[in-house]
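Please open the model in the viewer and keep the selection panel at hand. The tour proceeds one selection at a time.

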2 protein chains.
Amino acid sequence: MNENAKKAGMAPDALLPRNTKRSLPIALLRAREAVMESFRPMLAAHDVTEQQWRVIRILGEQGVIDASEMADRAFILAPSLTRIIRTLEERGLIHKRKDHKDGRRVLLEITPAGIDIIYKVMPESRVIYERLEQRYGHDKLELLLDMLNELANG
Amino acid sequence: MNENAKKAGMAPDALLPRNTKRSLPIALLRAREAVMESFRPMLAAHDVTEQQWRVIRILGEQGVIDASEMADRAFILAPSLTRIIRTLEERGLIHKRKDHKDGRRVLLEITPAGIDIIYKVMPESRVIYERLEQRYGHDKLELLLDMLNELANG
DNA sequence: TGCCTTTATTTAACATGTTAAATTGTTATT
DNA sequence: AATAACAATTTAACATGTTAAATAAAGGCA
């Protein structure tokens, strides 16, 4: 296999195994999965997906916002958000209406049923997050967040 | 909105806005997206998705392996892997056969056409990764990888 | 050997990611 | 006012993520 690499004029280690733990994309994926593993069962018990929870929680915090701002804050692409909004509205957890100032925009608002879900999920979410923070270490977690944000913005 | 929180016996800041940059799951998501943004156009130009590329590259490195080991290494769930294997085989980039020692297992092997893709993609991939490493800093990147792996395993 | 349990893979069903194109409403310009 | 350029959302089409169930082959044991 490595003879082929030489013939093709590649570095001789072009096909040598690289540890996937040293691959940044996969390391980020694994870390995220490990974190979500501890949240997902709780969210599933309340019948919301991770993305649906982000939308509901942000509406609880922000009041009325339009779809674009939601996409930004929740880091969800517009086509996904369209579908998520549809299912959340069908379930009566959010309200959707046109912006009269700008007919292109869709304004979102949480319903009492949506607030109920926040009241149920948020305390459990906090417990899970605090447990994670204790296990990993508060300062190290803050450092990690700084480094991740620099990677995302730099 | 915060009166509701008090009535429900929650912490008074239960519904206050939290910066999504300080949310670990979203920070991991954003960081990963920022990284993949620099790889995706190149992969798309070679008509492979990120996951397809992981499968192809690992087969180039490892020779013959079964589907379970591939799922482990590429960090892809079994149902996704089934579909990816199907499309890669239809495109003639990999081979698939039953293991005669254990009829449950599926053995995977790369084809010459698959190796061709590795020869085309790998050099460009290295360039992109090195550019990233230079911008972010080698030592910081190593530290980040260590911290991510600890988060994933601890 | 025959049955039970376990393991590897696949299928199914639904949710989201991803890109491009279509739709609809605004804004700017003439 | 008519039209071109732009912006927000949706639709479409395909790929992957996620969980549960089905299928098929091995392995263990009475």
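A residue counts as near a strand of DNA if its C-beta atom, placed from the backbone, lies within 6 Å of it. The model shown here is predicted.

**The surface near DNA strand C**

Select DNA strand C together with the 24 residues around this strand. Those that come nearest are A:Ser80, A:Gly103, B:Ala67, B:Ser68 and B:Pro79. Which element supplies the largest share of this surface? Helix 5 of chain A does, with five residues. At least two residues each are supplied by helix 3 and helix 5 of chain A, and by helix 4 (67-74) and helix 5 (78-90) of chain B. Coloured by class, the surface near DNA strand C shows nine nonpolar, eight polar and seven charged residues.

**Helix 4 of chain A**

Next, select residues 67-74 of chain A, which form helix 4. Buried residues in this helix are A:Met70, A:Arg73 and A:Ala74. The three lie on the same side of helix 4 of chain A because they cover an arc of only 85° around the axis. In an α-helix there are 3.6 residues a turn, so residues three or four places apart point the same way. To see what covers the buried residues of helix 4, add further elements of chain A, including helix 3 (50-62), strand 1 (65-66), helix 5 (78-90) and strand 3 (106-110). Then move to A:Phe75, just after helix 4 of chain A, where phi is positive at about 55°.

**The sheet of chain A**

Select the three strands of chain A, which form an open sheet in the order 1-3-2 with antiparallel pairing. Strand 1 and strand 2 (94-98) of chain A stand at the edges; each has a single partner strand, so one side of each is left without a neighbour in the sheet. Two bridges join strand 1 and strand 3 of chain A in the antiparallel sense. Within strand 3 of chain A, A:Leu108 stands opposite A:Ile65. Now display helix 3 of chain A, which packs on the sheet and touches strand 1, strand 2 and strand 3 of that chain. The direction of helix 3 makes about 85° with that of strand 3 of chain A.

**Where the chains meet**

Finally, select the 46 residues of chain B that are in contact with 46 residues of chain A. On the chain B side, two or more residues come from each of helix 2 (24-45), helix 3 (50-62), helix 6 (112-136) and helix 7 (138-153). Helix 2 of chain B gives the most, with 12 residues. The class colouring of this side of chain B shows 30 nonpolar, seven polar and nine charged residues.

Note on methods. Residues are numbered from 1 along each chain as its sequence is written. Chains are lettered from A and ligands numbered from 1 in the order in which they are written. This is a predicted model: local features need pLDDT of at least 70, side-chain atom pairs count only at pLDDT 80 or more; totals for chains, interfaces and linings use all residues. A residue is buried if 20 or more other C-beta atoms lie within 10 Å of its own, exposed if 12 or fewer, and partly exposed in between; C-beta atoms are placed from the backbone. Helices (H or I, at least four residues) and strands (E, at least two) are DSSP runs, numbered from the N terminus. The arc is that of the directions from the helix axis to the C-beta atoms. Two residues are in contact if their C-beta atoms, placed from the backbone, lie within 7 Å. Ala, Val, Leu, Ile, Met, Phe, Trp, Tyr, Cys and Pro count as nonpolar, Asp, Glu, Lys and Arg as charged, and the others, Gly among them, as polar. Two strands pair if DSSP finds at least two bridges between them. Axes are lines fitted to C-alpha atoms, for helices over the stretch in contact, and angles run from 0 to 180 degrees between N-to-C directions.
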